[in-house]
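Colleague: Please take me through the terms used for this model, setting each value against its cut-off before you conclude anything.

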Amino acid sequence: MTQALIVIDVQNDFCPNGALAVAGGDGIVAGINTLMKDFDAVVLTQDWHPPGHSSFASSHDGKAPYEMTKMPYGDQVLWPDHCIIGSNGAQFHKGLDQDQADMIIRKGYNLAIDSYSAFFENDQTTPTGLEGYLHTRGISKLVMVGLATDFCVKFSAMDAAKLGFDVTVNIDLCRAIDMNGSLGAAIKDMNAAGVKIV
Ligand code: VGL
Ligand code: ZN
């Protein structure tokens, strides 16, 4: 079975001092670099938003970061401006070994639709192309690591399971935002979707 390591959003804005900092986000980088060596393929994902993206609280009058809004495709958390295309915050953490990656997939570039998952935008229909890439390379088994456990890792893992991939999340190499119990809910939802958590 051909196996890929999917490294989710290990970017400066999700690390300490970043715009949407995840506690301990930089603490997983060394472990991820080591783990990469065990895989047939390594894919990095990169959150990649245009200025004024609809997931930013600053794009909605009277809204503050971490409040909710309704989008045409459903409920959406509003975030601080983060991972703006070309910015330093959008770059991978400088310790991440990008040389071991075969593929870098960017997501969230659509102004009107957020994209937590590496497979589908938050409308749950618009594909990113990653499914086709993995299938054409004969990859059926995925291990996921990265940031943030309760958002992009969760949505990527659940979509992958839905698509029929054998999916494991290595939780020691993930870090969470954990707002309003979102980490506990993520673990529960991933388990229910058939994602293995180790
Ligand atoms: C993420 C919130 C907004 C993530 C990305 O990588 O988990 N979270 N954009
Ligand atoms: Zn984002």
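Modeller: Two strands pair if DSSP finds at least two bridges between them, where strands are DSSP runs of E with at least two residues and helices are runs of H or I with at least four, numbered from the N terminus. This is a predicted model, in which local features need pLDDT of at least 70 and side-chain atom pairs count only at pLDDT 80 or more, while totals for chains, interfaces and linings use all residues. Residues are numbered from 1 along each chain as its sequence is written, chains are lettered from A and ligands numbered from 1 in the order in which they are written, and side-chain values use heavy atoms, without hydrogens and water.

Colleague: How do you know that strand 3 and strand 4 are joined, and which way do they run?

Modeller: DSSP finds four bridges between strand 3 and strand 4, so the requirement of at least two is met, and the two strands run antiparallel. In that pairing, T69 of strand 3 has Q76 of strand 4 as its bridge partner. Two residues separate the strands, and together they form a hairpin.

Colleague: Is T69 buried or exposed?

Modeller: The relative accessible area of T69 is 15%, and buried means under 20% (exposed is over 50%, partly exposed in between, with a 1.4 Å probe and protein chains only), so T69 is buried. Its neighbours beyond four places in sequence are H60, K63, G74, D75, Q76 and L78, a contact being heavy atoms within 4.5 Å. The side chains of strand 3 alternate, with T69 and M71 buried on one face, whereas M68 and K70 point to the other face and are not buried.

Colleague: What makes strand 2 largely enclosed?

Modeller: Seven of the seven residues of strand 2 are buried, so the rest of the structure largely encloses it. Neither face is left uncovered, since A41, V43, T45 and D47 are buried on one side, and V42, L44 and Q46 are buried on the other. Strand 2 also runs parallel to strand 1, to which five bridges join it, and one of the matches is between I6 and V43 of strand 2.

Colleague: What is the order of the strands in the open sheet?

Modeller: The six strands are ordered 5-2-1-6-7-8, and the pairing is parallel. Strand 5 (103–107) and strand 8 (196–197) each have a single partner strand, so they stand at the edges and one side of each lacks a neighbour in the sheet. Further in, strand 1 (residues 2–8) and strand 6 (residues 139–147) run parallel and are joined by seven bridges, with L5 standing opposite V143 of strand 6.

Strand 6 also holds G146, which is buried, because its relative accessible area is 0%. The contacts of G146, leaving out residues up to four places away in sequence, are I8, V10, I28, I32, V153, L173, C174 and R175.

Colleague: Why is the arrangement around the zinc ion (ligand 2) called irregular?

Modeller: The atoms that coordinate the zinc ion (ligand 2) come from D47 (OD), H49 (NE2) and H82 (NE2), at 2.0 to 2.2 Å, and donors are N, O and S atoms within 2.8 Å of the metal (3.2 Å for Na, K and Ca), with water not among the atoms, so a site may look incomplete. The four donor atoms subtend angles of 88 to 169°. Four donors count as tetrahedral if all angles lie between 85 and 135 degrees, and as square planar (six as octahedral) if opposite donors are over 155 degrees apart and all others between 65 and 115, while anything else is irregular. The value of 169° falls outside the tetrahedral range, and the arrangement as a whole is irregular.

Along the chain, the donors follow the spacing D-x1-H-x32-H. Two of the coordinating residues can be set against the burial cut-off: D47 is buried at 2%, and H49 is buried at 0%.

Colleague: How do you know that helix 3 is largely enclosed?

Modeller: Twelve of the 14 residues of helix 3 are buried, so the rest of the structure largely encloses it. Among these buried residues are F151, C152, V153, K154 and D159. They pack against strand 1, strand 4 (74–77), strand 5, strand 6, strand 7 and helix 4 (182–192). After helix 3 comes G164, with a positive phi near 100°.
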